[in-house]
Amino acid sequence: MIHPWNQPIHDRILAERDRMPHALLLHGPAGVGKLDLALEVARGLLCESVDRGPACGTCLACNWLAQGNHPDFRSLEPQDEESVEGGEGPQDEGTVEGREGAVGKTAKRKGQQIKVDAVREVTEFLQLSAHRGGWRVALLHPAERMTAAAANALLKTLEEPPPRVLLILVSHRMTRLLPTVVSRCRPVRVGLPQHAQALEWLRRMEVQHAEPLLAEAGGAPLTALAFADPERGARREDFLDQLANFTHLDVCVVAESYQTLHAEAWAWLLRWVMDLISQRLTGAPRYFPMRAHQTTRIAHAADLTALLRLQRELMRAASWLHHPLRARLLLESWLIRYTQSESARA
Ligand SMILES: [Zn+2]
(Lines give C-alpha, C1' and ligand atoms only; values in the text may rest on other atoms or scores of the structure.)
Protein backbone atom coordinates (compact mmCIF):
# COMPACT_ATOMS: atom_id res chain seq x y z
CA MET A 1 0.00 0.00 0.00
CA ILE A 2 1.27 3.40 -0.92
CA HIS A 3 0.10 6.38 1.12
CA PRO A 4 -1.26 9.19 -1.06
CA TRP A 5 1.34 11.72 0.08
CA ASN A 6 4.17 9.36 -0.93
CA GLN A 7 2.74 8.57 -4.36
CA PRO A 8 4.77 11.29 -6.18
CA ILE A 9 8.01 10.05 -4.59
CA HIS A 10 7.17 6.46 -5.51
CA ASP A 11 6.36 7.38 -9.11
CA ARG A 12 9.52 9.44 -9.46
CA ILE A 13 11.75 6.63 -8.18
CA LEU A 14 10.22 4.04 -10.50
CA ALA A 15 10.19 6.41 -13.48
CA GLU A 16 13.97 6.56 -13.15
CA ARG A 17 14.45 2.81 -12.94
CA ASP A 18 16.87 2.81 -15.87
CA ARG A 19 19.15 5.11 -13.86
CA MET A 20 18.43 3.43 -10.56
CA PRO A 21 21.27 3.87 -8.06
CA HIS A 22 22.43 0.75 -6.21
CA ALA A 23 21.23 2.13 -2.90
CA LEU A 24 18.35 4.37 -1.86
CA LEU A 25 18.14 5.91 1.57
CA LEU A 26 14.55 6.77 2.47
CA HIS A 27 14.77 9.08 5.45
CA GLY A 28 12.42 11.27 7.42
CA PRO A 29 10.33 11.31 10.57
CA ALA A 30 8.66 8.16 11.90
CA GLY A 31 5.05 7.54 11.03
CA VAL A 32 5.00 8.86 7.47
CA GLY A 33 5.00 5.51 5.65
CA LYS A 34 8.66 5.15 4.63
CA LEU A 35 8.61 1.38 5.02
CA ASP A 36 5.47 0.98 2.90
CA LEU A 37 7.04 3.23 0.30
CA ALA A 38 10.19 1.09 0.30
CA LEU A 39 8.15 -2.10 -0.09
CA GLU A 40 6.19 -0.59 -2.93
CA VAL A 41 9.40 0.43 -4.74
CA ALA A 42 10.67 -3.14 -4.29
CA ARG A 43 7.39 -4.50 -5.66
CA GLY A 44 7.56 -2.15 -8.62
CA LEU A 45 11.08 -3.29 -9.50
CA LEU A 46 10.43 -6.99 -9.04
CA CYS A 47 7.02 -7.08 -10.74
CA GLU A 48 7.19 -9.04 -13.98
CA SER A 49 4.27 -7.49 -15.81
CA VAL A 50 5.28 -6.01 -19.14
CA ASP A 51 4.23 -2.39 -18.72
CA ARG A 52 6.92 -1.41 -16.19
CA GLY A 53 4.50 0.77 -14.27
CA PRO A 54 3.70 0.26 -10.59
CA ALA A 55 3.46 -3.33 -9.37
CA CYS A 56 0.57 -5.16 -11.04
CA GLY A 57 -0.36 -7.21 -8.00
CA THR A 58 -1.23 -10.28 -10.06
CA CYS A 59 1.95 -11.69 -11.64
CA LEU A 60 3.97 -14.51 -10.10
CA ALA A 61 6.54 -12.12 -8.62
CA CYS A 62 3.85 -9.94 -7.04
CA ASN A 63 2.24 -13.03 -5.53
CA TRP A 64 5.52 -14.24 -4.09
CA LEU A 65 6.16 -10.84 -2.56
CA ALA A 66 2.68 -10.77 -1.07
CA GLN A 67 3.39 -14.15 0.52
CA GLY A 68 6.83 -13.07 1.69
CA ASN A 69 8.81 -15.61 -0.31
CA HIS A 70 10.17 -13.89 -3.40
CA PRO A 71 13.60 -15.47 -3.99
CA ASP A 72 15.18 -12.17 -5.07
CA PHE A 73 13.99 -10.10 -2.14
CA ARG A 74 15.25 -9.84 1.43
CA SER A 75 14.07 -7.66 4.26
CA LEU A 76 16.15 -7.10 7.35
CA GLU A 77 15.12 -5.57 10.65
CA PRO A 78 16.41 -5.88 14.21
CA GLN A 79 15.96 -9.47 15.29
CA ASP A 80 13.81 -10.60 18.15
CA GLU A 81 15.66 -11.03 21.37
CA GLU A 82 14.56 -12.87 24.45
CA SER A 83 11.19 -11.79 25.69
CA VAL A 84 11.02 -9.13 28.33
CA GLU A 85 8.13 -8.68 30.68
CA GLY A 86 6.52 -5.32 30.86
CA GLY A 87 6.03 -4.65 27.22
CA GLU A 88 7.84 -3.07 24.42
CA GLY A 89 9.89 0.01 24.93
CA PRO A 90 10.15 2.79 22.45
CA GLN A 91 13.20 2.30 20.35
CA ASP A 92 12.33 3.39 16.91
CA GLU A 93 12.31 7.04 16.65
CA GLY A 94 14.61 9.95 16.69
CA THR A 95 11.87 12.38 17.48
CA VAL A 96 9.17 12.28 20.05
CA GLU A 97 6.65 11.24 17.41
CA GLY A 98 5.66 7.65 17.43
CA ARG A 99 8.15 6.62 20.00
CA GLU A 100 5.77 4.55 22.01
CA GLY A 101 5.57 1.49 19.85
CA ALA A 102 3.24 -1.31 20.86
CA VAL A 103 3.52 -0.52 24.53
CA GLY A 104 2.29 -3.26 26.79
CA LYS A 105 0.69 -5.21 23.96
CA THR A 106 3.33 -7.84 23.71
CA ALA A 107 5.84 -9.38 26.01
CA LYS A 108 8.21 -9.98 23.14
CA ARG A 109 10.07 -6.93 22.03
CA LYS A 110 11.99 -6.29 18.90
CA GLY A 111 15.73 -6.54 19.23
CA GLN A 112 17.71 -3.38 19.37
CA GLN A 113 20.19 -3.99 16.63
CA ILE A 114 20.77 -5.27 13.15
CA LYS A 115 23.76 -7.50 13.62
CA VAL A 116 26.71 -8.17 11.36
CA ASP A 117 25.78 -11.81 10.66
CA ALA A 118 22.39 -10.78 9.35
CA VAL A 119 23.93 -8.12 7.11
CA ARG A 120 26.53 -10.61 5.80
CA GLU A 121 23.78 -13.00 4.88
CA VAL A 122 22.06 -10.26 2.89
CA THR A 123 25.23 -9.12 1.14
CA GLU A 124 25.97 -12.73 0.18
CA PHE A 125 22.45 -13.02 -1.19
CA LEU A 126 23.07 -9.89 -3.27
CA GLN A 127 26.16 -11.47 -4.82
CA LEU A 128 24.14 -14.39 -6.20
CA SER A 129 22.59 -14.14 -9.61
CA ALA A 130 18.89 -13.35 -9.60
CA HIS A 131 16.59 -16.35 -9.66
CA ARG A 132 14.18 -14.54 -11.95
CA GLY A 133 16.80 -12.84 -14.11
CA GLY A 134 15.80 -9.37 -12.96
CA TRP A 135 16.58 -7.24 -9.93
CA ARG A 136 17.62 -8.34 -6.50
CA VAL A 137 16.34 -6.07 -3.77
CA ALA A 138 17.22 -5.90 -0.09
CA LEU A 139 15.48 -3.70 2.43
CA LEU A 140 17.04 -2.64 5.74
CA HIS A 141 14.98 -0.91 8.40
CA PRO A 142 15.58 1.00 10.50
CA ALA A 143 19.07 1.30 9.08
CA GLU A 144 20.37 3.26 12.10
CA ARG A 145 20.03 0.09 14.15
CA MET A 146 22.93 -1.52 12.35
CA THR A 147 25.87 -2.14 14.63
CA ALA A 148 29.15 -0.57 13.51
CA ALA A 149 30.32 -4.00 12.34
CA ALA A 150 27.09 -4.51 10.40
CA ALA A 151 27.43 -1.10 8.74
CA ASN A 152 31.01 -1.90 7.77
CA ALA A 153 29.94 -5.23 6.30
CA LEU A 154 27.33 -3.39 4.25
CA LEU A 155 29.88 -0.84 3.11
CA LYS A 156 31.70 -3.39 0.96
CA THR A 157 28.56 -4.04 -1.06
CA LEU A 158 27.85 -0.32 -1.31
CA GLU A 159 31.34 0.28 -2.66
CA GLU A 160 31.31 -2.50 -5.22
CA PRO A 161 27.69 -3.23 -5.94
CA PRO A 162 26.84 -6.13 -8.23
CA PRO A 163 24.75 -5.09 -11.24
CA ARG A 164 20.94 -4.95 -10.99
CA VAL A 165 21.00 -4.82 -7.23
CA LEU A 166 19.04 -2.32 -5.17
CA LEU A 167 19.54 -1.80 -1.47
CA ILE A 168 16.82 0.24 0.21
CA LEU A 169 17.76 1.70 3.57
CA VAL A 170 14.97 3.17 5.65
CA SER A 171 15.98 5.54 8.42
CA HIS A 172 14.18 7.67 10.98
CA ARG A 173 17.51 9.11 12.06
CA MET A 174 19.90 9.54 9.22
CA THR A 175 22.43 11.34 11.43
CA ARG A 176 23.02 8.07 13.27
CA LEU A 177 24.23 6.31 10.14
CA LEU A 178 27.90 6.13 9.26
CA PRO A 179 28.68 9.05 6.91
CA THR A 180 30.43 6.57 4.64
CA VAL A 181 27.17 4.63 4.30
CA VAL A 182 25.09 7.76 3.71
CA SER A 183 27.46 9.08 1.05
CA ARG A 184 27.08 5.88 -0.97
CA CYS A 185 23.29 6.03 -1.10
CA ARG A 186 20.92 8.28 -2.96
CA PRO A 187 19.01 10.08 -0.22
CA VAL A 188 15.27 10.43 -0.63
CA ARG A 189 13.59 12.66 1.91
CA VAL A 190 10.15 11.46 2.99
CA GLY A 191 8.70 14.32 5.02
CA LEU A 192 5.46 14.98 6.85
CA PRO A 193 2.45 15.29 4.55
CA GLN A 194 0.41 18.47 4.31
CA HIS A 195 -1.86 18.82 7.31
CA ALA A 196 -5.06 18.69 5.22
CA GLN A 197 -3.92 15.62 3.32
CA ALA A 198 -3.01 13.80 6.52
CA LEU A 199 -6.37 14.67 8.08
CA GLU A 200 -8.26 13.53 5.02
CA TRP A 201 -6.45 10.21 5.07
CA LEU A 202 -7.13 9.69 8.78
CA ARG A 203 -10.81 10.41 8.23
CA ARG A 204 -10.89 7.92 5.39
CA MET A 205 -9.37 5.41 7.82
CA GLU A 206 -12.39 6.21 10.04
CA VAL A 207 -10.29 7.69 12.82
CA GLN A 208 -12.35 9.64 15.35
CA HIS A 209 -10.90 12.89 16.71
CA ALA A 210 -8.35 12.91 13.91
CA GLU A 211 -7.23 16.49 14.46
CA PRO A 212 -5.99 16.24 18.08
CA LEU A 213 -4.47 12.83 17.36
CA LEU A 214 -2.55 14.24 14.43
CA ALA A 215 -1.31 17.07 16.65
CA GLU A 216 -0.22 14.61 19.32
CA ALA A 217 1.59 12.64 16.63
CA GLY A 218 3.45 15.78 15.55
CA GLY A 219 1.81 15.61 12.11
CA ALA A 220 2.78 11.98 11.36
CA PRO A 221 -0.39 10.26 10.13
CA LEU A 222 0.61 6.63 10.77
CA THR A 223 1.57 7.52 14.32
CA ALA A 224 -1.80 9.24 14.74
CA LEU A 225 -3.51 6.11 13.45
CA ALA A 226 -1.60 4.00 15.97
CA PHE A 227 -2.75 6.38 18.71
CA ALA A 228 -6.42 6.06 17.72
CA ASP A 229 -7.43 3.58 20.38
CA PRO A 230 -10.21 4.75 22.71
CA GLU A 231 -8.63 3.05 25.74
CA ARG A 232 -5.34 4.73 25.05
CA GLY A 233 -7.18 8.02 24.66
CA ALA A 234 -8.81 7.59 28.06
CA ARG A 235 -5.45 6.81 29.67
CA ARG A 236 -3.92 9.89 28.06
CA GLU A 237 -6.70 12.16 29.30
CA ASP A 238 -6.30 10.75 32.80
CA PHE A 239 -2.54 11.24 32.74
CA LEU A 240 -2.80 14.78 31.36
CA ASP A 241 -5.42 15.61 33.99
CA GLN A 242 -2.87 14.64 36.60
CA LEU A 243 -0.19 16.82 35.01
CA ALA A 244 -2.59 19.75 34.68
CA ASN A 245 -3.53 19.44 38.33
CA PHE A 246 0.08 19.28 39.45
CA THR A 247 -0.46 20.75 42.92
CA HIS A 248 -2.43 17.59 43.77
CA LEU A 249 -0.25 15.21 41.78
CA ASP A 250 0.52 12.12 43.84
CA VAL A 251 3.79 11.19 42.24
CA CYS A 252 4.10 7.71 43.79
CA VAL A 253 0.57 6.67 42.91
CA VAL A 254 0.84 7.88 39.31
CA ALA A 255 4.28 6.30 38.83
CA GLU A 256 3.00 3.04 40.21
CA SER A 257 -0.16 2.93 38.14
CA TYR A 258 1.78 3.70 34.96
CA GLN A 259 4.75 1.47 35.59
CA THR A 260 3.70 -1.10 33.00
CA LEU A 261 2.79 1.70 30.58
CA HIS A 262 5.80 3.81 31.40
CA ALA A 263 6.71 4.41 27.77
CA GLU A 264 3.30 5.96 27.15
CA ALA A 265 3.60 8.05 30.29
CA TRP A 266 7.11 9.09 29.30
CA ALA A 267 5.94 10.20 25.84
CA TRP A 268 2.99 12.17 27.26
CA LEU A 269 5.13 13.84 29.89
CA LEU A 270 7.73 14.77 27.28
CA ARG A 271 5.11 16.21 24.93
CA TRP A 272 3.48 18.06 27.81
CA VAL A 273 6.79 19.59 28.89
CA MET A 274 7.52 20.52 25.27
CA ASP A 275 4.11 22.18 25.06
CA LEU A 276 4.86 24.20 28.21
CA ILE A 277 8.17 25.31 26.76
CA SER A 278 6.56 26.10 23.45
CA GLN A 279 3.84 28.12 25.22
CA ARG A 280 6.53 30.21 26.83
CA LEU A 281 8.63 30.64 23.72
CA THR A 282 6.05 30.87 20.94
CA GLY A 283 2.73 31.32 22.73
CA ALA A 284 1.20 28.12 21.32
CA PRO A 285 1.34 24.42 22.18
CA ARG A 286 2.22 21.84 19.58
CA TYR A 287 1.05 18.42 20.76
CA PHE A 288 -2.03 19.00 22.91
CA PRO A 289 -3.86 22.01 21.44
CA MET A 290 -7.07 20.94 23.21
CA ARG A 291 -5.26 21.60 26.48
CA ALA A 292 -3.92 25.02 25.52
CA HIS A 293 -5.91 26.74 28.27
CA GLN A 294 -4.09 24.61 30.86
CA THR A 295 -0.62 24.72 29.38
CA THR A 296 -0.80 28.52 29.00
CA ARG A 297 -1.67 28.94 32.64
CA ILE A 298 0.93 26.45 33.90
CA ALA A 299 3.68 27.60 31.55
CA HIS A 300 3.59 31.15 32.79
CA ALA A 301 4.10 30.13 36.38
CA ALA A 302 6.84 27.62 35.57
CA ASP A 303 10.60 27.81 35.78
CA LEU A 304 11.64 27.70 32.12
CA THR A 305 15.21 26.62 32.83
CA ALA A 306 13.98 23.68 34.91
CA LEU A 307 11.56 22.68 32.15
CA LEU A 308 14.31 22.78 29.54
CA ARG A 309 16.51 20.66 31.76
CA LEU A 310 13.69 18.15 32.29
CA GLN A 311 13.04 18.02 28.57
CA ARG A 312 16.68 17.20 27.86
CA GLU A 313 16.67 14.49 30.49
CA LEU A 314 13.48 12.95 29.16
CA MET A 315 14.85 12.87 25.63
CA ARG A 316 18.06 11.24 26.78
CA ALA A 317 16.09 8.60 28.67
CA ALA A 318 14.51 7.14 25.55
CA SER A 319 17.03 4.33 25.31
CA TRP A 320 16.66 3.26 28.95
CA LEU A 321 12.93 2.94 28.88
CA HIS A 322 12.87 -0.74 28.06
CA HIS A 323 14.25 -1.59 31.50
CA PRO A 324 10.97 -2.16 33.31
CA LEU A 325 12.53 -2.13 36.78
CA ARG A 326 13.93 1.31 36.34
CA ALA A 327 10.81 2.61 34.72
CA ARG A 328 8.78 3.28 37.85
CA LEU A 329 11.66 5.02 39.61
CA LEU A 330 12.47 7.07 36.54
CA LEU A 331 8.88 8.05 36.08
CA GLU A 332 8.67 9.00 39.72
CA SER A 333 11.78 11.15 39.57
CA TRP A 334 10.59 12.92 36.41
CA LEU A 335 7.21 13.66 37.95
CA ILE A 336 8.92 15.08 41.03
CA ARG A 337 11.07 17.24 38.80
CA TYR A 338 7.98 18.31 36.91
CA THR A 339 6.11 19.40 40.04
CA GLN A 340 9.23 21.19 41.23
CA SER A 341 9.59 23.09 37.98
CA GLU A 342 6.11 24.39 38.68
CA SER A 343 6.29 25.06 42.39
CA ALA A 344 9.61 26.85 42.05
CA ARG A 345 7.74 29.83 40.71
CA ALA A 346 4.19 29.27 41.86
ZN1 LIG B 1 3.38 -7.91 -10.81
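These are my notebook entries on the cores, two helices and some charged pairs of this structure, which is a predicted model.

**Entry 1. The cores**

I began with the largest nonpolar core, which holds 39 residues. I looked up which members touch the most other members, and found Phe239, Trp266, Leu269, Trp272, Trp334, Leu335 and Tyr338. Next I asked which helices supply this core with at least two residues each. They are α10 (230-244), α11 (251-257), α12 (262-282), α13 (292-301), α14 (304-316) and α15 (324-343). Helix α12 gives the most, with 11 residues.

I then picked one member, Leu335, and listed its contacts, leaving out residues up to four places away in sequence. Leu335 touches Phe239, Leu243, Leu249, Val251, Val254, Ala255 and Leu269.

There is also a second, separate core of 36 residues. Among its members are Ile9, Leu14, Leu46 and Val207.

**Entry 2. Helix α10**

I checked the length of α10. With 15 residues at 1.5 Å a residue, α10 should span 21 Å, and its end C-alpha atoms are indeed 21 Å apart.

Which residues of α10 are buried? I noted Arg232, Gly233, Arg236, Phe239, Leu240, Leu243 and Ala244. Viewed down the axis of α10, these buried residues fall within an arc of 140 degrees, so they line one face of the helix. The face turned away from that buried side carries the exposed residues Pro230 and Glu231.

I wrote down a general point beside this. An α-helix has 3.6 residues a turn, so residues three or four places apart point the same way.

**Entry 3. Helix α14**

I did the same for α14. This helix has 13 residues, and from first C-alpha to last it reaches 18 Å, close to the expected 18 Å. Its buried residues are Leu304, Ala306, Leu307, Leu310, Gln311 and Leu314. Seen down the axis of α14, they fall within an arc of 155 degrees, so they too line one face of the helix.

At the N-terminal end of α14 I found a cap, Asp303. One of its side-chain oxygens lies 3.1 Å from the backbone nitrogen of Thr305.

I stopped at Gln311 in helix α14. Is Gln311 buried or exposed? Its relative accessibility is 15%, so Gln311 counts as buried, the limit being under 20%. Leaving out residues up to four places away in sequence, Gln311 touches Leu270, Val273, Met274 and Ile277.

**Entry 4. Glu216 and its partners**

I turned to charged side chains. Side chains of opposite charge can pair when their charged atoms come close. I counted 14 salt bridges in the model.

One of them joins the side chains of Glu216 and Arg236, at 2.8 Å from N to O. This pair links distant parts of the chain, with Glu216 in helix α8 (residues 210-216) and Arg236 in helix α10, 20 residues apart. Both ends are buried: Glu216 has 1% relative accessibility, and Arg236 has 13%.

What else does Glu216 meet? Its side chain makes a polar contact of 2.9 Å with that of Arg232. Not counting residues up to four places away in sequence, Glu216 touches Phe227, Arg232, Arg236, Trp268, Arg271, Tyr287 and Phe288.

**Entry 5. Two further salt bridges**

Arg291 pairs with Glu237, and their closest N and O atoms are 2.6 Å apart. Arg291 lies in the loop between α12 and α13 and Glu237 in helix α10, so this salt bridge ties together parts that are 54 residues apart in sequence. I looked up how open each end is. Arg291 counts as buried at 7% relative accessibility, whereas Glu237 counts as partly exposed at 33%.

Glu332 and Arg328 also form a salt bridge, with 3.8 Å between the closest N and O atoms. I noted where these two sit. They are four residues apart in helix α15, which means that about one helical turn separates them. Glu332 is buried, with a relative accessible area of 16%, while Arg328 is partly exposed at 29% relative accessibility.

Last, I followed salt bridges that share partners. Which residues do they join into one network? The network consists of Glu216, Arg232, Arg236, Glu237, Asp241 and Arg291.

How values were computed: Residues are numbered from 1 along each chain as its sequence is written. This is a predicted model: local features need pLDDT of at least 70, side-chain atom pairs count only at pLDDT 80 or more; totals for chains, interfaces and linings use all residues. Side-chain values use heavy atoms; hydrogens and water are left out. A nonpolar core is a set of buried Ala, Val, Leu, Ile, Met, Phe, Trp, Tyr and Cys residues joined through side-chain atoms within 4.5 Å. Buried means under 20% relative accessible area, exposed over 50%, partly exposed in between (1.4 Å probe, protein chains only). Contact means heavy atoms within 4.5 Å. The expected span of a helix is 1.5 Å times one less than its number of residues. The arc is that of the directions from the helix axis to the C-beta atoms. A polar contact is a pair of N or O atoms within 3.5 Å; within protein, one must be able to donate a hydrogen and the other to accept it, and residues adjacent in sequence count only if both atoms are side-chain atoms. A salt bridge is a side-chain nitrogen of Lys or Arg within 4 Å of a carboxyl oxygen of Asp or Glu.
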